[in-house]
Each structure stands twice: as structure tokens, then as C-alpha cells.
Amino acid sequence: MKYIHYNFIKRAIFTVIAFLFFSIQIKAQFSITENFRGSSVGSDIILGGKGTSKGRPFTSYLTSGNVDPVNQGWLRLTNATTNLAGYAYINKAFPGTLGVIVEFEYKSWRDVNDSFNGADGFSVFLFDAKTPFQIGADGGALGYAQKTDQTGLPGGYIGIGIDEYGNFGASTEGKNGGYSSSLVPNAVTLRGTASSNWKYLASTGIKQASTSTNSANSVDYNTKTTTRPDDGTFYRKVKITIVPISGATPKYNITVFWATTPTGNYSQLLN
């Protein structure tokens, strides 16, 4: 089984926008902003997880006053332990005709040695608010897709994987579609609805084919370290836009950007 990095999220911004078709005018919007620095989150944000770490059931958690000083914390999605899936979802429904902008900073690193050079990554997803929430499979499914012995996220609309090891886009482990001849690490990968059996849609590598080295294009910080890398060592900020396209059948234009320095501009990874 592959190890999952320490995954941290800081300063997440979730904006829902109602677009007027064929117009750049914005009709309405609401935003949810959370910096995760303190010891609690807003009532619209639900934390949880599955798996076992240190002999106890695992859930994602805030590090303020724990491994970080008070009010200088992060959201920790997983520990560096096998078979974990931590999550944070926004418990606020909105019509599927609205567009979505998601923006967040993250760190992904490990303090253990393993034969996979770290793994697996994390996903950002939308799901049907009428469906009771249940996180998808762990490992290469990134909490969204299925696994041979685990179901995917019920009611899922779209899953966007920040894929360190390359398994989210692969057809291995019982997933529906994807590449079969080799893994594509350091990739952004899309998978579809639960009704399509979380089908593979598209993937793009980020010009960093190896999982064993670090570069400006690495999805994770792939050097064992006992402390979280600072911004000068490893920094990633992601922006995802999901914009509805007019038509009888709902369709969306999904674009993923990232910046690799605190003052750097966004560059497009996937459209």
C-alpha cells in the first residue's frame, strides 16, 4: 500500500457565481473563505475521514495549538500513514447551473521513507447535495473514485485530482477507464459522475515525469523531512474554475491553474 503525504490546506476560497450566458456580466455570487489557522472552522465546513492512524479512527484536523502554534495552523488532510482518506467539504447547496471558483494554497510532504517516493495526492470535487456524504476510496482513488473493495463518492459530479503518484488517472485498482500502460505522476486528472462509475475524462502531466525528484513542477515536496517545507522551499496555489456552458444538456468548462511561488502568476495546467 502506498503512503499518503501530510497534505495541508491553507486559505481556501470557494466562490459560487451565477453567469449570464453569452455575457461577461455577473448576476449573483456568494463566497466562503476559510484560512484554517485557528482551532475551529465555519459551520458550513465539515471535517472527517476514514482509516486508522496511531490506533485511532482518523479524521482530518486543524493543527493550531497541536503541531503548530495557536492561530498559525493549517488543515491537515492526512498523516503519513497508509490507507487514510481525510476530507473537508462545504455543506452549502447551490444549483448546478451556477459556476464555481475554488482557490487554495497547499503543502504536501512526508516524514517517512517508502518505496513509492510518497503518494497519493488529493482531489477537489462537487457532489449532489441530496446524496448523504460518504468519502470515496482511499489510495489512488483520492477520496473520489472507486477501488476494488471500496465505492467512490456517492452523488459525485466531477472529481479533479492533484495526482502525485499517477494512480488517479490509471485504470488500476478497479477504476473505470484511464491509462493502463504506465502511470502519469505529477498530473491533474478529471473523473466524471458517480452515475458514470467515476469515469476517466482527461489528464495532463505537469512536465515532471518522475516521482522521485523535486522541481518547480512537482505536485508534492518529495524529500523526507521532519518539518513542513516553508514557502521558499515548496509553495503551491491552485485555482479551479467550473463554468456552465449553455445548452439543453448541462456541460461545464473546467480550467485548472497554479502558481509555484507566493508572488508568482498563475499558469494554466488543464482546460
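What follows is a walk through some backbone, ring, strand and pocket features of this structure. Keep in mind that the model is predicted.

Let's start with the backbone at Lys54. This residue sits in the loop between strand S4 (52-53) and strand S5 (56-57). Its phi is positive, at about 55 degrees, although Lys54 is not a glycine. As for its surroundings, Lys54 has a relative accessibility of 71%, and because the cut-off for exposed is over 50%, it counts as exposed.

Lys54 turns up again when you look at the pockets. Together with Ser53, Arg56, Tyr61 and Asn79, Lys54 is among the residues nearest the centre of the second largest pocket. That pocket has a volume of about 250 Å³, and its lining is made up of 16 residues. Sort the lining by character and you get seven nonpolar, five polar and four charged residues.

Asn197 is another non-glycine residue with a positive phi, in this case near 65 degrees. You'll find Asn197 in the loop between strand S12 (187-191) and strand S13 (200-205). Is Asn197 exposed, partly exposed or buried? Its relative accessible area is 36%, and since partly exposed covers the range between 20% and 50%, Asn197 is partly exposed.

Now for the rings. The structure holds 17 aromatic pairs. Take Phe127 and Phe133: their ring centres are 5.2 Å apart and their planes meet at 55 degrees, so this pair is tilted. To call it edge-to-face, the angle would have to be over 60 degrees, while stacked needs under 30. Phe127 and Phe133 also belong to a cluster linked by ring pairs, along with Tyr87, Tyr89, Phe125 and Tyr144.

Some rings have a charged side chain over the face. Lys92 lies over Phe30, at 5.0 Å from the ring centre. Arg236 does likewise with Trp258, also at 5.0 Å from the ring centre.

That second contact leads to a set of paired strands. Strand S14 (residues 236-245) runs antiparallel to strand S15 (residues 251-259), and nine bridges hold the pairing. If you want one spot to look at, Val243 has Asn253 in S15 as its bridge partner. Strand S15 also pairs with strand S16 (residues 267-270), again in the antiparallel sense, through three bridges. Here Val256 is bridged to Leu270 in S16. Strand S15 is thus joined to S14 and to S16.

Conventions:
Residues are numbered from 1 along each chain as its sequence is written. This is a predicted model: local features need pLDDT of at least 70, side-chain atom pairs count only at pLDDT 80 or more; totals for chains, interfaces and linings use all residues. Side-chain values use heavy atoms; hydrogens and water are left out. Helices (H or I, at least four residues) and strands (E, at least two) are DSSP runs, numbered from the N terminus. Buried means under 20% relative accessible area, exposed over 50%, partly exposed in between (1.4 Å probe, protein chains only). Rings of Phe, Tyr and Trp (its six-membered ring) pair if their centres lie within 6.5 Å; planes under 30 degrees apart count as stacked, over 60 as edge-to-face and the rest as tilted. A charge sits over a ring if NZ of Lys or CZ of Arg is within 6 Å of the ring centre and within 35 degrees of the ring normal. Two strands pair if DSSP finds at least two bridges between them. On a 1 Å grid over the protein atoms alone, a cavity is a set of points where a 1.4 Å probe fits but cannot get out, and a pocket is an open set with protein on both sides within 12 Å along at least five of seven lines; lining residues have an atom within 4 Å of a point. Grid points are joined across faces, edges and corners, and a volume is the space filled by probe spheres set on the points. Ala, Val, Leu, Ile, Met, Phe, Trp, Tyr, Cys and Pro count as nonpolar, Asp, Glu, Lys and Arg as charged, and the others, Gly among them, as polar.
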